Structure formats: C-alpha cells, structure tokens
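I opened this entry to look up how the chains meet, what fills the core and where charged side chains pair. The notes follow in the order of looking.

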Amino acid sequence: MFHIMKKFIQSALQRKYLEKRAVFIIMLVLVLLPLKLKGVYFYHCMIFTFYFAVLGTSWNIISGYSGAVSLGHAAFLSIGAYTSTILLINFQLTPWIGMLIGGSLSALSGLVICYPATKLKGPYFVMSTAAFAEILRYLTSQSKFAGGASGLIIPVVTGNSLYWFQFIEKWPFYYIILFFTIIVVFISYKIENSKVGLYLMAIRENRGAAQMLGVNVAKYLRMATCLSAFFTGIAGTFYAQYMVYISPDAIMGLGESIKIALVAIIGGMGTFIGPIIGAALYFGVGEIVRFLLGAEISGLSSFIYGIILIVFILLFPKGLVQFLKDMGGRFERYFIH
Amino acid sequence: MAIMLLQAIVCGLLNGGVYALISMGLALIFGVVKVVNFAHGEFLMLAMYITYWVFTRWGVDPHLSLFLCSGTLFFVGYVTQKLLIERTFNKPFEGELQIFVTVALSLAFINGMHMIGKADYRGINLSYASMALNIQSLTFNFLKAVSFFLALIVSYLIYLFLMKTDRGRAMRAVTENREAAALIGIDVNKNYCLAFGIGAGLTGIAGALLTPSFYVFPGVGLLFVLKAFVIIVLAGMGSVSGAFIAALIVGVLESLGGFLIGAAYTQMLIFAIFILSMLFRPNGLFRRRE
C-alpha cells in the first residue's frame with residue numbers, strides 16, 4: 001500500500017509534469033474563484049495581494065535579477081498613477097491609454113535612475129533611489145498641479161464603465177489585476193530563462209567581470225530599469241482606478257518603496273515566483289496579525305508585524321521560495337530513492 | 001544685512017552641532033560595520049522619549065539625563081549589532097538583508113513607541129529655554145549654545161578616542177580593512193558591537209539635547225535621519241570627523257537657505273545638497289582613499 005503511494009507521488013513529482021500541472025490547476029482555480037466566492041473583503045485581499053505581486057515582480061527585474069536594489073520604486077508607481085489621473089481629470093482621457101502613457105513616463109524616468117546606477121556603488125545607489133522617491137514625494141506635495149498634499153480624487157461616473165476604468169463590483173478589478181499579474185510573471189519567467197536573464201544575473205554577481213566578458217552593462221541595466229518601471233507605472237494606474245484616490249502619503253516615498261521591495265525579498269529575490277509568494281505572505285500575515293491583535297492596543301499589530309518581519313528575514317535570507325527549493329532537494333531525494 | 005547673515009550662520013552652526021552628533025554616530029556605524037542603519041532615527045527617538053519621561057516623572061534636567069540616554073542607547077546599539085546584524089553576515093544578499101533588517105527594526109521601534117506612548121506630540125518646557133545670550137549684536141539661544149558646546153566636547157572626546165586610544169585605533173583599522181584587521185588579531189565582531197553601541201550612544205546624547213526644543217512623537221526620528229544621511233554622504237561615508245564638519249556645513253547652509261530663500265524650501269535645499277554631492281563628489285568631501 002505504502003509502495004503504491006510512493007510510486008504515485010514519484011510520478012507526480014516527475015519534473016516536467018509537476019510544474020505544468022500545478023500552474024494549470026492554480027490558474028484554473030484563480031480564474032473560477034469569483035464564480036464561487038463572494039465577499040467584498042475577500043476580493044479586496046486578493047486584489048491587493050496580486051497588486052503587490054505585480055509590484056514585487058517588476059521590482060525583482062531590476063533588483064533581484066540585476067542586483068541594483070532600488071528603494072525608490074514608489075516613484076515609478078506614483079508617476080504612473082498621477083499621469084493617468086491628471087490626464088483623466090484634465091483631458092478626460094481613458095485611463096487605459098493614460099496607463100500606457102504613465103507606464104512609458106515611468107520607464108523614461110527609470111532612465112534617470114539608471115545614470116547613477118552605473119556610476120555609484122552599493123549603498124550609494126540605494127540611497128539615491130530612496131532620495132529620488134522622497135524628492136518626488138516632496139515636490140508632489142508642494143505642487144498645486146498635482147493636487148498637493150491632499151492628493152487627487154479620480155473622477156467618477158455612475159455605474160460600470162470600461163472606458164473610465166471604473167466598476168462598482170470588485171470582480172472586474174480582480175480579473176484585471178490577475179491578468180496583469182500573469183503577464184508580468186510570464187515576462188519575468190521568460191527573462192529568467194533567457195540570455196537576457198543570464199546577462200542580468202552576471203551583472204548582479206560581478207559587474208566588472210560581466211563587462212570584461214563583453215556584456216553591455218549599461219544597456220542591460222537600462223533595459224531592466226525601463227521594463228521594471230513600466231510595469232510598476234501600470235500598477236500605479238490600477239491602484240488609482242481601484243482606490244479612486246491617490247495622494248503623496250498613500251503611494252509615494254521611501255516607506256512605500258520599502259513595501260514593494262519587502263514583498264520580493266521575503267518571497268525570494270531572484271526568482272520569478274518569489275514575489276507572488278512574498279505578496280501572499282506579506283498581505284496574509286499582515287491581515288492575520290491585524291485580525292488577531294488589532295482591536296485592543298493601537299500599534300500592537302504593526303509592532304508584532306515588524307518583529308515577525310525581522311525574524312523572517314533572518315531565518316529565510318534568500319526568501320521563502322529559495323528556502324523551499326533548498327529543502328525540496330531533501331524532500332525529493334527521499335521519494336526518488 | 002550683514003549682521004542678519006552672521007546671525008543666520010551662527011544659528012546654523014549651533015544647529016549643526018546637534019546634527020553632528022547624530023551624523024557622527026551614523027558615520028561610525030557605516031564606517032566600521034558597513035551597514036546602512038535605517039533605524040538610526042529611532043535611536044534618536046528613543047533617547048527623546050527617555051529624556052521626556054525622566055523629566056516629567058522626576059524632574060531631571062535633560063542635560064543630566066544625557067548620561068542615562070547615552071548609556072541606554074549604547075546598550076541598544078550593542079544588542080542590535082550582536083543579535084540582529086551579526087546574523088546577517090556571510091549570508092547571500094548580505095547588504096540588502098542588513099538594510100531590510102534595520103528597516104524592520106525601525107518599524108518595530110516606531111510602532112512599539114506607538115503602543116507605549118501613543119502618537120501624541122509631547123514636549124517639555126524648561127524654565128530657561130528661552131533665555132538668550134547677547135554677544136556684540138548677535139543673539140544666541142542659550143539652550144542651543146549649551147547643546148552646541150556639549151556637542152563640541154563630545155565630538156572632541158570621540159576624536160580622541162578614535163585617534164589616541166588603542167581601542168579607537170582598532171576600530172579605525174576595521175574601518176579601513178576588515179580582513180587585514182582580523183589577520184592582525186583584532187576582534188572584528190567586538191569592534192562592530194562597540195561601534196554600533198557608540199554610534200547609538202552619540203545619537204542618544206543628541207536626543208537628550210534636542211528634547212527641550214522639539215516635539216516628541218514616534219515618527220520624530222524620521223525627520224532627522226534624512227539630514228543625517230545627507231550629511232554622511234556629503235562627508236564621505238565612514239569619515240567621522242568629516243561627518244562633524246559636514247554637519248556644521250549643512251546646518252549653516254540650511255540656516256542661510258532658510259534666511260535667503262524662505263523656510264519652506266530648506267527641505268529642497270537638503271535634497272539639492274544630496275544630489276550635488278552624489279553627482280560631483282560621490283565619495284564625499286573627506287574620503288581620502290578609493
């Protein structure tokens with residue numbers, strides 16, 4: 001009996017079928033979910049988890065694969081959000097196009113970040129990305145054009161509207177962000193398994209050596225930054241349309257950038273599924289802690305959360321996914337033998 | 001006009017003294033342990049809360065409680081290094097890990113303070129807080145002048161420690177070349193803990209000195225840590241005496257800027273200093289090698 005079970009698990013674990021089957025099943029579940037489950041809060045959680053998954057995966061492209069850790073991604077996020085919103089308010093431009101324009105603007109500003117990336121080492125670069133995000137936040141909160149510190153409210157029309165990117169129920173947003181997540185993760189997966197990915201990882205490991213071997217460091221860093229910034233900007237527009245309100249405190253600055261980076265770090269910084277797991281963990285643990293502890297003492301949940309974060313980072317420095325992969329070797333060996 | 005300029009410069013210098021303490025702490029930590037300490041502002045915040053409570057409960061003057069603060073913060077810094085940062089050594093993504101551990105620590109501190117102290121703004125009022133000295137036609141705020149002189153004394157003590165004592169020389173050796181120092185037999189980890197402790201302690205003193213003139217609330221550290229980072233970038237990370245001078249420079253520039261351009265733009269000025277130093281002197285003004 002036990003022998004039969006072992007054989008079954010062995011065949012299920014056969015590399016080439018496991019991954020494709022798992023992915024298919026998971027996607028099926030995710031797509032069919034809204035038909036079965038209702039509940040506004042549940043959808044909010046899922047939407048935000050996928051939202052952070054998109055952010056984390058985009059961040060991962062420049063920081064995980066290329067090693068240029070950026071604490072300024074909130075800047076890209078907000079450029080996307082503000083661009084589409086301002087275009088919507090002033091020119092009634094559909095957010096879908098505004099999204100693309102916002103994403104492109106983010107990508108362009110990514111080039112601004114790229115210049116110090118090639119010149120500055122380690123902590124200097126990290127700090128200049130943080131400074132970029134904070135400067136943008138400061139400028140936005142002082143600028144009347146962008147709504148200042150009180151932010152911008154996305155103009156609302158009655159009812160559902162595809163043109164205005166507004167829906168009364170949550171499920172359209174759910175599918176949209178799910179779609180974005182699939183696209184970004186797919187692109188990330190493609191990068192990881194391609195020549196470009198290898199170049200980026202070479203740049204991460206040893207920039208000088210990579211350059212010496214003929215890798216055009218500047219070009220690939222630019223490419224990675226633009227891709228990363230583009231998708232982050234698109235996620236920004238999604239946020240603006242979903243939350244119907246953006247402000248410097250909500251999406252700009254160092255704190256928000258850190259959230260984006262955190263998602264990828266706790267999940268696994270150099271893998272394409274890492275950020276998804278990280279987003280689920282970040283949101284899941286956050287909500288659980290808030291649920292269990294939130295009511296009585298204010299700040300307790302965030303405090304415990306910070307502690308959990310520290311412990312987690314120290315226990316799984318490479319992120320949860322990498323840890324599982326390392327563990328997986330031992331798991332696999334038992335069943336194959 | 002010239003007098004007002006001079007007044008602004010003097011004011012900036014006085015402010016710069018306290019900035020110097022904070023930045024020297026950060027510079028020491030970054031120079032020796034090579035960690036970007038995002039929790040540095042929270043060290044300051046802790047010291048301010050301690051000073052506040054000790055003053056409100058027992059009436060202890062901040063200038064006395066600075067001993068308590070520096071001691072406590074030394075302990076906090078030492079423990080942070082020992083328990084947290086040491087765990088990140090020799091792991092993959094070490095640099096990023098350290099950044100995130102200090103960030104998480106900062107979150108934990110801020111929220112912990114939220115729990116204990118609530119988010120209220122608190123302040124203390126010293127009877128002699130608004131006393132002013134008048135020399136020639138320049139007015140010095142007495143409190144700030146005292147802070148400045150204490151900062152000078154402490155900075156000089158740190159300078160002596162780093163330059164003249166064996167322990168200090170060991171720390172400088174670790175700053176310059178970690179491996180070589182270990183080869184000579186210097187206990188690198190102990191020096192890390194010491195450096196973190198002293199860095200935090202310096203910030204503790206600054207916190208005690210700042211409490212009479214600043215509101216105390218959980219997020220207060222964030223206001224100062226940005227300036228501290230700009231200062232150590234300007235100075236060249238790792239140069240403690242450079243941080244002192246850069247802090248005075250930034251203090252003066254901030255004050256002059258506020259006087260000439262208007263107070264609302266001083267934040268912009270700080271950013272501008274940061275960007276300019278990144279562009280033109282990425283290694284800082286006072287970095288001798290590299």
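**Interface.** I started with the area: chain B and chain A bury about 3,300 Å² between them, 84% of it on carbon and sulfur atoms. I then asked which residues of chain B lose the most area to chain A. They are Phe93(B), Phe100(B) and Met115(B), together 21% of what that side buries. The model is a predicted one, and I read the values as computed from it.

I looked up the contacts next and found 38 residues of chain B in contact with 36 residues of chain A. I searched for salt bridges between chain B and chain A and got a count of zero. Residue pairs in polar contact between chain B and chain A, both at pLDDT 80 or more, also came to zero.

On the side of chain B that touches chain A, I listed the elements giving two or more residues: helix H4 (94-117), helix H9 (220-235) and helix H11 (266-280) of chain B. H4(B) gives the most, with 13 residues. By class, I noted 27 nonpolar, seven polar and four charged residues on that side of chain B.

**Core.** The largest nonpolar core has 190 residues. I noted the members that touch the most others: Tyr51(A), Leu71(A), Tyr174(A), Phe238(A), Ile246(A) and Val33(B). I followed up Phe238(A); leaving out residues up to four places away in sequence, its contacts include Ile47(A), Tyr51(A), Phe165(A) and Phe180(A).

**Salt bridges.** I found seven over all chains. I looked at three of them.

Asp249(A) pairs with Arg137(A), with the closest N and O atoms 3.1 Å apart. Asp249(A) lies in helix H11 (residues 248-251) of chain A and Arg137(A) in helix H6 (residues 122-142) of chain A, so the pair ties together parts 112 residues apart in sequence. Asp249(A) is exposed at 56% relative accessible area, and Arg137(A) is partly exposed at 26%.

Lys227(B) and Glu254(B) meet at 3.0 Å, N to O. Lys227(B) is in helix H9 of chain B and Glu254(B) in helix H10 (residues 240-260) of chain B, so this pair ties together parts 27 residues apart in sequence. Are these two residues buried or exposed? I found Lys227(B) buried at 15% relative accessibility and Glu254(B) buried at 12%. I also noted one network of salt bridges with shared partners, joining Glu134(A), Arg137(A) and Asp249(A).

Arg169(B) pairs with Asp166(B) at 3.3 Å between the closest N and O atoms. Both lie in helix H6 (residues 166-176) of chain B, three residues apart, about one turn of the helix.

Key
Residues numbered from 1 in each chain as written. Chains lettered and ligands numbered in written order. Predicted model: local features only at pLDDT ≥ 70, side-chain atom pairs only at ≥ 80, totals over all residues. Heavy atoms only, no water. Contact = heavy atoms within 4.5 Å. Buried area = accessible area lost by both parts, 1.4 Å probe. Salt bridge = Lys/Arg side-chain N within 4 Å of Asp/Glu carboxyl O. Polar contact = N/O pair within 3.5 Å; in protein donor to acceptor, adjacent residues only side chain to side chain. Helix = DSSP H or I, 4+ residues; strand = E, 2+ residues; numbered from the N terminus. Nonpolar A, V, L, I, M, F, W, Y, C, P; charged D, E, K, R; others polar. Core = buried A, V, L, I, M, F, W, Y, C linked by side-chain atoms within 4.5 Å. Buried < 20%, exposed > 50% of the residue type's maximum accessible area, 1.4 Å probe, protein only.
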